[in-house]
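Here is a short reading note for a colleague who is new to this entry. Please look at the sequence and the model first.

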2 protein chains.
Amino acid sequence: MEKIFSSDFVYVVNPGGYIGRTTAYELGRVHERGMAVYYAEPPKDIPIEVPAGTVLTARELADGIVCGTSRIKAIRRPRVAALPTADIVIFTIRDWRLHVLLIKRGTEPYRGKLALPGGFIRPGESLEDTAKRELAEETGLDSSSIPLQQIHTYSHPERDPRGRIITTAFLAIAPNLPEVMGATDAHRADWVEVEDSLWLNNDRLAFDHGEILQQALGRARRLLEHTTIAADFCGKVFTIAELRKVYEAVWGIPINPPNFQRKVRGTKGFLIDTGKKKTGQPGRPAELFRRGPARILYPPMMRSE
Amino acid sequence: MEKIFSSDFVYVVNPGGYIGRTTAYELGRVHERGMAVYYAEPPKDIPIEVPAGTVLTARELADGIVCGTSRIKAIRRPRVAALPTADIVIFTIRDWRLHVLLIKRGTEPYRGKLALPGGFIRPGESLEDTAKRELAEETGLDSSSIPLQQIHTYSHPERDPRGRIITTAFLAIAPNLPEVMGATDAHRADWVEVEDSLWLNNDRLAFDHGEILQQALGRARRLLEHTTIAADFCGKVFTIAELRKVYEAVWGIPINPPNFQRKVRGTKGFLIDTGKKKTGQPGRPAELFRRGPARILYPPMMRSE
DNA sequence: AGAATAGTGTCTGTTAGACACTATTAT
DNA sequence: ATAATAGTGTCTAACAGACACTATTCT
């Protein structure tokens with residue numbers, strides 16, 4: 001089968017139009033990969049579509065290959081079918097530190113290792129649909145309230161030992177949730193603090209998920225610069241100090257509180273004052289805000305280069 | 001076949017282990033999609049792998065579905081195999097206007113319409129490899145000198161009438177080239193000026209390539225803001241005015257020349273003075289520069305919001 | 001000489017960054 | 001009262017944007 005799949009095309013020698021059971025099975029697989037198939041005679045006992053020009057003698061085929069005559073121009077290079085998956089990098093802030101949701105794999109390969117939640121695309125779904133569904137299934141989070149953003153597609157031929165599986169990574173930002181987790185699936189989902197050891201130590205994460213996580217983190221950091229997405233980490237109402245701590249957790253650097261205050265208050269549409277205040281801790285009570293309509297932060301929030 | 005593919009799993013009723021030719025063909029296709037398959041009896045006359053727990057009676061199967069007992073836990077949700085492709089949005093500047101490379105499709109579907117260059121992934125390739133190869137094949141451009149950047153993956157189930165084909169779009173920037181085009185393929189490749197009519201008029205571009213082009217343009221515009229990629233549009237040596245015209249062409253707005261001059265000269269590592277000057281036109285001769293090592297533009301180039 | 005293009009000087013308003021300072025609470 | 005946290009005032013340096021001006025070529 002591997003030899004067949006690595007060929008440029010398939011030529012079926014079927015005297016009398018007869019095709020064996022095994023050949024029929026192989027043809028099904030070949031067909032599904034979109035490879036070019038030619039027949040010595042029209043197949044009689046299987047309902048296969050035979051496009052014009054694909055039934056020809058070996059002589060004609062050879063000529064077509066050598067001369068590239070117009071009759072055989074349909075010889076296509078081999079294609080590879082792949083199983084698309086969607087993996088989700090969902091960040092949140094717990095104890096003012098950045099966390100990512102990871103599951104412990106219950107099956108081979110990489111059984112017992114940590115992995116990003118995700119799964120295979122299903123009939124009629126786009127990858128965005130898949131990501132939303134998996135997020136809901138594996139975390140119990142209401143996916144409609146958490147916007148997903150496509151990051152990157154990973155397609156290295158050996159990235160998954162099970163075969164040709166390409167994955168598209170999505171980024172999501174969640175507010176700090178009260179321990180809702182591990183909803184439907186048997187494997188445990190849990191928040192893990194984001195730190196270098198997650199990807200520097202190759203043993204902890206399955207597949208190429210270390211690389212994916214790293215790139216997603218870079219994207220998230222850049223998003224904070226020129227969008228108002230940081231508010232997604234917070235609850236419905238939040239103080240400016242809470243918002244600042246989001247930036248500090250994601251960027252990993254301290255931010256000057258007075259200047260931060262002026263920056264976000266001065267950006268029209270970022271914050272809407274609720275008029276309420278937050279008490280219960282020492283210090284002057286902080287004003288509480290909700291998200292404004294602005295999504296783009298202009299001019300951007302600078303982080304010292 | 002469509003009904004089969006949209007099912008959750010396949011149950012093969014094969015008395016005596018006998019499987020017909022047509023069924024064998026269909027099983028090949030089903031197998032290639034990675035769907036779950038169960039058998040009433042072990043298949044005898046086809047070399048199909050039958051994992052443990054997939055041969056069971058209809059009664060057992062029904063129980064497994066209803067109760068979710070451990071024996072049947074292997075029922076997987078249906079997966080969908082897809083044919084991945086890479087499409088390339090390659091921009092250049094001609095006559096100080098932004099152009100994109102498009103090919104005229106020579107085959108159905110969308111025969112005669114304009115489309116982005118691209119093609120199917122091949123065995124052993126990553127999508128990045130595919131994009132590089134297709135760029136070289138379809139344009140004759142030396143792909144090693146033109147960096148490709150992944151933009152987005154398009155996976156809507158009906159985006160391609162031929163079936164489940166998902167495409168990953170890549171962005172490339174080329175200097176103005178002396179008409180090297182349409183290298184190997186029969187269909188013509190040509191530079192087309194980028195303007196709204198390309199995507200507003202749905203008839204001109206094939207598939208969802210209008211949407212892809214639009215998103216790639218947005219990405220390119222944003223890249224000019226905070227990277228030095230604009231120099232990729234220019235030749236090996238260029239003047240500051242040429243660089244400014246790149247920004248004007250991509251952003252579609254005029255830029256104040258003196259301020260632009262100061263901005264790029266003041267960004268360390270952006271430009272390296274060659275000491276030479278450009279003559280042959282009226283006006284003070286312009287200094288010629290080559291690209292510096294800097295890739296990030298900090299602080300970013302602002303475009304009035 | 002005059003047109004055309006390249007590049008500099010200079011002014012203004014805005015903003016980031018630093019930090020001193022005021023405001024308001026819990027204990 | 002003291003500690004703690006929120007928020008304001010103010011200064012400086014850098015920078016964007018505007019535009020007058022100088023520099024150097026071609027025709």
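The numbered points below go from the pair of chains to the DNA strands, and then to local details.

1. **Ground rules.** This is a predicted model, in which local features need pLDDT of at least 70, side-chain atom pairs count only at pLDDT 80 or more, and totals for chains, interfaces and linings use all residues. Residues are numbered from 1 along each chain as its sequence is written, chains are lettered from A and ligands numbered from 1 in the order in which they are written, and side-chain values use heavy atoms, with hydrogens and water left out.

2. **Symmetry of the two copies.** Chain B superposes on chain A after a rotation of 179 degrees, with 0.0 Å of shift along the axis and an RMSD of 0.6 Å. The two copies are thus related as by a two-fold rotation axis. In chain B, G28(B) has the C-alpha nearest the axis, at 1.9 Å. The fit is by least squares on the C-alpha atoms of residues with pLDDT of at least 70 in both copies.

3. **A shared surface.** Of the interface residues of chain B, 98% are also interface residues in chain A, so the copies meet through the same surface. Contact here means heavy atoms within 4.5 Å.

4. **Helix α2 against helix α2.** Two packed helices are described by the angle between their axes and the distance between the axes. Helix α2 (residues 21-32) of chain A and helix α2 (residues 21-32) of chain B have axes that come within 7 Å and cross at roughly 35 degrees. This crossing of α2(A) and α2(B) is right-handed. Among the contact residues are Y25(A), L27(A) and G28(A) of α2(A), with Y25(B), L27(B) and G28(B) of α2(B). By class, the contact of α2(A) with α2(B) has 6 nonpolar, 4 polar and 6 charged residues.

5. **Terms for point 4.** Helices (H or I, at least four residues) and strands (E, at least two) are DSSP runs, numbered from the N terminus. Axes are lines fitted to C-alpha atoms, for helices over the stretch in contact, and angles run from 0 to 180 degrees between N-to-C directions. A crossing is left-handed if the near helix is turned anticlockwise from the far one by less than a right angle, and right-handed if clockwise. Ala, Val, Leu, Ile, Met, Phe, Trp, Tyr, Cys and Pro count as nonpolar, Asp, Glu, Lys and Arg as charged, and the others, Gly among them, as polar.

6. **DNA strand C.** Of the 23 residues around DNA strand C (a heavy atom within 4 Å), K263(A), G283(A), R284(A), R284(B) and E287(B) come nearest. Of the strand C atoms within 4 Å of the protein, 58% belong to sugar or phosphate and the rest to bases. Polar contacts are pairs of N or O atoms within 3.5 Å. Polar side-chain atoms of N259(A) and R262(A) each lie by a base nitrogen of strand C, at 2.9 Å for N259(A) and 3.0 Å for R262(A). The side chain of Q261(B) places an N or O atom 3.3 Å from a phosphate oxygen of strand C. Elements giving two or more residues to this surface are α8 of chain A, with α7 (240-251), α8 and β11 (286-291) of chain B.

7. **DNA strand D.** Which residues come nearest to DNA strand D? They are R284(A), E287(A), K263(B), G283(B) and R284(B), out of 23 around the strand. Sugar or phosphate accounts for 57% of the strand D atoms within 4 Å of the protein, and bases for the rest. R262(A) has a polar side-chain atom 3.2 Å from a base oxygen of strand D. Backbone N or O atoms also take part: one of E287(A) lies 2.7 Å from a phosphate oxygen, and one of R284(B) lies 2.8 Å from a base oxygen. The surface near strand D divides into 8 nonpolar, 7 polar and 8 charged residues.

8. **Local backbone points.** The peptide bond from Y298(A) to P299(A) is cis, with omega near 0 degrees. P299(A) lies in the segment after β11 of chain A. In chain B, the bond from Y298(B) to P299(B) is cis, with omega near 0 degrees. D95(A) is not a glycine, yet has a positive phi of about 55 degrees. D95(A) sits in the loop between β3 (83-94) and β4 (97-104) of chain A.

Notes: Polar contact = N/O pair within 3.5 Å; in protein donor to acceptor, adjacent residues only side chain to side chain.
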